[in-house]
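Let's take a stroll through a protein model together. Have the sequence and the 3D view open, and follow along as we go.

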Amino acid sequence: MAKKRPQTKAARPQLTDGEIPVVGAREPCPCGSGRRYKACHGRAAAQAATELVHRPFEGLPGECDWVALRELVPAATAELTLKSGLPEGVPSVTLATVLPMAWPALRRDDGSVLLGLQNDTASGDISRDLADTLQRALEARPGTPVQGRRAPAEGPRLQDLLDPKGAFEPVVHPGFEFWVPDPENATPEVTASLERANAAAIPTVKLQGVDAAYWCETPEKNHLRWVMPHPEEQLLDALARLHAAGRSNLGEGTRLVGSFRAHGLTVPVWDLPSGVTAEAIEKPAVEFAERLAAALATDAPLTADERRARGGLTNRQVTLS
């Protein structure tokens with residue numbers, strides 16, 4: 001019998017990591033290792049896409065308001081300033097809490113861009129997903145929405161696209177009429193979506209005297225939800241000091257009931273009587289901010305009463321994201 005000749009594999013060109021294209025997870029890795037892509041060079045990309053970024057808006061102007069608009073506020077907009085300036089044919093870029101039909105973004109007929117904030121994202125980095133959507137919206141044909149997708153792991157983040165010195169000033173709206181510049185000529189689908197969204201919107205007002213504090217009205221009672229930038233442990237200690245001293249409320253009938261944890265920040269929540277309006281809570285909020293600043297500056301160990309108060313606040317903390 002003739003001997004089998006040993007088979008030799010043709011030499012493959014060596015590729016650097018940056019030259020290896022993305023292929024299907026079960027396909028052979030283009031690097032030539034013989035392994036599937038998901039077990040080879042696709043592993044790092046998958047990890048980067050799913051690894052959770054706990055503070056996705058850190059470094060952006062108005063981080064606390066970004067968190068509020070993402071998690072707490074039904075209808076609001078804010079103008080965005082790009083580092084590179086507006087491209088030709090794009091008169092403005094506006095962040096919106098929600099867009100019609102839950103579109104991730106919309107390029108309007110006049111070329112302006114609306115970027116939706118409260119959409120589901122495909123990766124663990126909201127900032128990267130939003131940046132990818134924004135870039136595609138800037139290049140979209142006027143009059144078309146932009147669909148969602150998983151952003152490339154090496155793509156830019158909002159921090160790379162937005163001007164760090166640009167103002168971030170949310171405008172809270174009573175409804176979603178900002179969706180359509182001409183409601184009379186809106187499509188039936190958009191009109192129906194607008195009606196549903198307006199019916200579900202909770203009346204919300206942004207306080208003017210303090211940062212990132214939002215009053216809202218519900219059928220049984222009103223609330224104040226205040227996104228704060230302080231480190232969580234330090235903030236909980238300060239709130240516990242005030243709570244134990246009976247100084248954590250915002251006036252008669254109000255009560256600090258707990259907090260949310262959202263995108264790496266803490267959001268204390270107060271219950272307010274139904275008759276307490278946003279205007280009525282402005283002065284008490286400013287006064288509380290002064291008390292909180294003093295408590296944050298204290299580094300003495302917590303007393304027994306303060307530790308009990310802290311335990312109660314911690315037990316009533318809910319993680320939103």
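How many of the 14 residues of α3 are buried? Eleven of the 14 are, and that makes α3 a mostly covered helix. Here "buried" means under 20% relative accessible area, "exposed" means over 50%, and "partly exposed" is in between, using a 1.4 Å probe and protein chains only. Helices (H or I, at least four residues) and strands (E, at least two) are DSSP runs, numbered from the N terminus.

A quick word on the ground rules: this is a predicted model, where local features need pLDDT of at least 70 and side-chain atom pairs count only at pLDDT 80 or more, while totals for chains, interfaces and linings use all residues. Residues are numbered from 1 along each chain as its sequence is written, and side-chain values use heavy atoms, with hydrogens and water left out.

**Helix α3 up close**

The buried residues of α3 include Ile-126, Leu-130, Leu-134 and Leu-138. The buried part of α3 packs against α2, β2, β3, β4, β5 and α4. Is the length of α3 what you'd expect? What span should its 14 residues have, at 1.5 Å a residue? The expected span (1.5 Å times one less than the number of residues) is 20 Å, and the end C-alpha atoms are 20 Å apart, so the two agree.

At the start of α3, a side-chain oxygen of Asp-125 comes within 3.1 Å of the backbone nitrogen of Ser-127. That is a polar contact: a pair of N or O atoms within 3.5 Å, where within protein one must be able to donate a hydrogen and the other to accept it, and residues adjacent in sequence count only if both atoms are side-chain atoms.

Now find Arg-128, which also belongs to α3. Arg-128 counts as buried because its relative accessibility is 17%. Its side chain reaches the backbone oxygen of Gly-155 at 2.2 Å. Leaving aside neighbours within four places in sequence, Arg-128 is in contact (heavy atoms within 4.5 Å) with residues including Ala-151, Pro-152 and Arg-157.

**Two open sheets**

Next, the sheets. Two strands pair if DSSP finds at least two bridges between them. One open sheet has six strands in the order β5-β3-β4-β2-β1-β6, with mixed pairing. Its edge strands are β5 (144-146) and β6 (171-172), each pairing on one side only. Helix α3 packs on this sheet, and its direction makes about 160° with that of β4. For such angles, axes are lines fitted to C-alpha atoms, for helices over the stretch in contact, and the angles run from 0 to 180 degrees between N-to-C directions.

Another open sheet of six strands runs β7-β8-β9-β11-β10-β12, again with mixed pairing. Here β7 and β12 (317-319) stand at the edges with a single partner strand each, so one side of each has no neighbour in the sheet. From one strand to the next, the twist averages 25°. Helix α7 (residues 278-296) packs on this sheet, at about 40° to the direction of β9.

Here are three strand pairs to look for:

| Strand pair | Direction | Bridges |
|---|---|---|
| β2 and β4 | parallel | four |
| β9 and β11 | antiparallel | four |
| β10 and β11 | antiparallel | seven |

You can pick out single partners too: Thr-94 stands opposite Leu-114 in β4, and Leu-224 has Trp-270 in β11 as its bridge partner.

**Strand β11**

Why can we call β11 largely enclosed by the rest of the structure? Because eight of its eight residues are buried. Leu-265, Val-267, Val-269 and Asp-271 are buried on one side, and Thr-266, Pro-268, Trp-270 and Leu-272 on the other. In the hairpin of β10 and β11, two residues sit between the strands, and His-263 takes a positive phi near 55°.

**The cores**

A nonpolar core is a set of buried Ala, Val, Leu, Ile, Met, Phe, Trp, Tyr and Cys residues joined through side-chain atoms within 4.5 Å. The largest one has 41 residues, and Trp-66, Leu-134 and Val-227 touch the most other members. Helix α3 gives the most to this core, with six residues. Apart from it lies another core, of 24 residues, among them Ala-213 and Leu-239.

**One last stop**

Finally, look at Ile-202, in the loop between α5 (188-200) and β7 (204-206). Ile-202 is partly exposed, at 38% relative accessible area.
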